[in-house]
Amino acid sequence: RMPKIFGIAIACMEAFKIGYSFVNGYTDLNSWLPLSFCGTFIYSLLLSGFGKGFPKTMAEAFIAGACPAAGLAYLLIPSTSFQLYPFFHFQCFYSMFFHSCMIYFGMLYLYRGIVTPNRKNFFLFAAYYGVFAVVAIALNIVFDQNLMMLMEPFALPFRIVYVIHDFSVPLYTFFVSLFYLFPTWGFSCLIFRVIGRERSVS
């Protein structure tokens, strides 16, 4: 029940956030469309709760493989809402709640054995990310946006990403995609070894 309940609740809060953006004149895609790497959690949670078959399996691989590291990274380095709104703004509280849920569900899926960090699930996670990345890149090109931060870095404390971007945008996009996939998956493997049940890890 939890993916269904939290999926609906987060989707409703996201809809309120989108409405707030439009009312205040933020109508570009970056301001309202939930198509960031972390934003993919919304669709993943709904697919996990209400979906069936292959899409559900891919979404759960994403939740277990990406969400613990991505959620924790945001809590440590809040680089979106806290850069744009005052500390006690709704957007900031929602972002903290949202990314805390990412950590919780990712660790829950690993602990309960819903997803095991093996080679098959990594490819499911990578393919799932790839679908959203292709859509984001297409929208970025057509509407000159920066969805999933695949076109340029935003408020990041790491100089290397700016150097790569200035050298080559396609190389930056490739680098960011690798960073989305491998460190997050490695972090989930580590968590699984610490809190997961006795299962083989490939």
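# Helix packing, cysteines and selected residues

In helix 4, Phe54, Thr57, Met58, Ala59, Ala61, Phe62, Gly65 and Ala66 are in contact with Asn121, Leu124, Phe125, Ala127 and Tyr128 of helix 7. Sorted by class, this contact of helix 4 with helix 7 holds 10 nonpolar residues, three polar ones and no charged ones. The structure is a predicted model. The points below cover two helix pairs, the cysteines, two residues with positive phi, and three further positions.

**Helix 4 and helix 7**

- Helix 4 spans residues 53-76 and helix 7 spans residues 119-143; their axes come within 8 Å of each other and cross at roughly 95°.
- Angles of 65 to 115 degrees count as roughly perpendicular, and helix 4 and helix 7 are therefore roughly perpendicular to each other.
- Among the helix 4 residues in this contact are Phe54 and Phe62, and among those of helix 7 are Phe125 and Tyr128.

**Helix 3 and helix 6**

- Helix 3 (residues 40-50) packs with helix 6 (residues 90-111) at an angle of about 45°, and the axes are 11 Å apart.
- That angle makes helix 3 oblique to helix 6.
- The crossing of helix 3 and helix 6 is left-handed.
- On the helix 3 side the contact involves Phe41, Ile42, Leu45 and Ser48, and on the helix 6 side Tyr94, Phe98, Cys101, Met102, Phe105 and Tyr109.
- The contact of helix 3 with helix 6 consists of nine nonpolar residues and one polar residue, with no charged residues.

**Cysteines**

- A disulfide requires a pair of cysteine sulfur atoms within 2.5 Å, and by this rule the count is zero disulfides.
- For Cys12, the closest cysteine sulfur is that of Cys101, at 14 Å, which is too far for a bond.
- Cys189 is likewise in no disulfide, as the nearest cysteine sulfur, in Cys67, is 15 Å away.
- Cys189 has a relative accessible area of 14% and is buried.
- Cys101 also belongs to the helix 6 side of the contact with helix 3.

**Positive phi in the loop between helix 7 and helix 8**

- Most residues other than glycine have a negative phi.
- Asp144 is not a glycine, yet its phi is positive, about 55°.
- Asp144 sits in the loop between helix 7 and helix 8, the latter covering 159-167.
- With a relative accessible area of 68%, Asp144 is exposed.
- Met148 is another residue other than glycine with a positive phi, near 60°.
- Met148 is also found in the loop between helix 7 and helix 8.
- Met148 has 3% relative accessibility and counts as buried, whereas Asp144 is exposed.

**Gly7 and Ser21 in helix 1**

- Gly7 is placed in helix 1, and its relative accessibility of 1% counts as buried.
- Leaving out residues up to four places away in sequence, Gly7 touches Met2, Leu45 and Leu46.
- Of these, Leu45 is also one of the helix 3 residues that make the contact with helix 6.
- The C-alpha atoms of Gly7 and Phe41 are 9.0 Å apart in space, while the two residues are 34 residues apart in sequence.
- Phe41 is one of the helix 3 residues in the contact with helix 6.
- Ser21 lies in helix 1, which runs over residues 2-23.
- Ser21 counts as buried, at 1% relative accessibility.
- Apart from residues up to four places away in sequence, Ser21 touches Tyr26, Ser31, Trp32 and Gln91.
- Ser21 and Tyr111 are 90 residues apart along the chain, and their C-alpha atoms are separated by 37 Å.

**Val169 in helix 9**

- Val169 is in helix 9, which covers residues 169-195.
- Val169 has 31% relative accessibility and counts as partly exposed.
- From C-alpha to C-alpha, Val169 and Leu139 are 16 Å apart in space, and in sequence they are 30 residues apart.

Methods: Residues are numbered from 1 along each chain as its sequence is written. This is a predicted model: local features need pLDDT of at least 70, side-chain atom pairs count only at pLDDT 80 or more; totals for chains, interfaces and linings use all residues. Side-chain values use heavy atoms; hydrogens and water are left out. Axes are lines fitted to C-alpha atoms, for helices over the stretch in contact, and angles run from 0 to 180 degrees between N-to-C directions. Helices (H or I, at least four residues) and strands (E, at least two) are DSSP runs, numbered from the N terminus. Angles under 35 degrees count as roughly parallel, over 145 as roughly antiparallel, 65 to 115 as roughly perpendicular and the rest as oblique. Contact means heavy atoms within 4.5 Å. Ala, Val, Leu, Ile, Met, Phe, Trp, Tyr, Cys and Pro count as nonpolar, Asp, Glu, Lys and Arg as charged, and the others, Gly among them, as polar. A crossing is left-handed if the near helix is turned anticlockwise from the far one by less than a right angle, and right-handed if clockwise. Buried means under 20% relative accessible area, exposed over 50%, partly exposed in between (1.4 Å probe, protein chains only).
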